[in-house]
Amino acid sequence: MKASLEMLNHGASIIPMLLLQWATPSNGHYGFPFVEVDGVMSERWEYVRPSGSFAPNWDYSGISAMCGENATKPLFPIKTLKVEAGKTVTFGASGQKAVPESDSRVPFDPTFGIYHEGPATAYLSKAPGELADYEGDGDWFKIAAVGASDGMNWDVRQTANINKLHFIIPKTTPPGKYLMRAEHLNISPFYKGTQMYQNCAHLEITGSGGGKPSPTTKFPGAFSAMDPGIWLPNALERPYEPLDQLKNWQGAGPKVWQG
Ligand SMILES: [Cu+2]
């Protein structure tokens with residue numbers, strides 16, 4: 001399954017891929033159902049809004065691109081992670097475990113690795129009230145983009161065997177309750193070939209604030225299939241020498257707000 005998925009990824013046809021989605025769950029795809037709390041990995045869906053599926057999202061402009069399938073509201077109550085601005089939030093990855101994924105309670109498996117290649121990003125959106133009621137229809141801003149720090153190879157790739165994504169909350173982020181969206185792309189130079197994986201945690205950010213996050217975007221609509229951060233130009237797929245464009249990758253959507 002793994003090998004065939006990789007081959008499909010570099011072939012133009014996504015139709016067999018769509019059919020594979022109906023097969024039983026495997027480690028072929030992934031999501032981010034965990035966060036670390038004081039250095040210890042949480043339980044599954046303890047702080048992360050459950051989503052229905054870890055199959056790749058190709059509807060870049062649709063609502064599933066926000067927090068995953070069926071995640072505009074928490075499917076059941078979850079906790080809120082308290083974090084001080086300036087500190088790091090760490091998401092833990094998992095392969096597919098159940099249909100729907102929200103039914104699984106399988107704990108974090110440290111031997112799992114994200115085997116696709118592409119940029120990782122994080123976004124925040126402040127809830128006007130309680131997070132349990134917030135459907136994510138407010139403003140979103142990007143706080144981090146992890147690209148190819150050597151200008152050639154995506155930092156998050158198969159050979160790096162990464163199962164955690166680390167993102168720093170900018171120091172001047174206004175305090176409040178936030179949805180935090182973690183995303184990894186299996187990026188492709190083929191039109192509508194890029195696979196998107198995303199989940200959202202409930203966060204309460206503390207600190208003195210003072211920043212004015214910008215630019216912002218909205219879900220649905222944050223991305224387009226034509227966005228060069230989604231539809232990777234061919235020249236960037238396998239560069240022969242380090243490229244500043246990959247080194248300074250900001251990905252699809254708005255530029256990173258530094259705080
Ligand atoms: Cu996959």
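This talk covers the nonpolar cores of the structure and the strands around S8.

Keep in mind that this is a predicted model.

Start with the largest nonpolar core. It has 33 residues. Phe91, Phe167, Ile169, Met180 and Leu203 touch the most other members. Which strands supply at least two residues each? Strands S1 (30-37), S3 (81-84), S4 (88-95) and S5 (120-126) do. So do S6 (141-146), S7 (164-168), S8 (176-186) and S9 (195-206). S9 gives the most, with four residues.

Now take Leu203. Leave out residues up to four places away in sequence. Leu203 then touches Thr80, Leu81, Val83, Val89, Leu124 and Leu131, among others. Its list also includes Ile169, Gly176, Lys177, Tyr178 and Met180. Two names there, Ile169 and Met180, came up a moment ago as well-connected core members.

There is also a second, separate core. That one has 28 residues, including Ala148, Met196, Phe219 and Ala252. As background, nonpolar side chains tend to be buried together in soluble globular proteins.

On to strand S8. Is S8 mostly covered or mostly open? Mostly covered: ten of its eleven residues are buried.

What are its pairings? S5 and S8 run antiparallel, joined by seven bridges. Within that pairing, Ala122 stands opposite Ala182 in S8. S8 also pairs with S9, again in the antiparallel sense, over eleven bridges. There, Glu183 has Gln198 in S9 as its bridge partner.

To recap: S8 is bridged to S5 and to S9, and S9 gives the most residues to the largest core.

Terms used:
Residues numbered from 1 in each chain as written. Predicted model: local features only at pLDDT ≥ 70, side-chain atom pairs only at ≥ 80, totals over all residues. Heavy atoms only, no water. Core = buried A, V, L, I, M, F, W, Y, C linked by side-chain atoms within 4.5 Å. Buried < 20%, exposed > 50% of the residue type's maximum accessible area, 1.4 Å probe, protein only. Contact = heavy atoms within 4.5 Å. Pairing = 2+ DSSP bridges.
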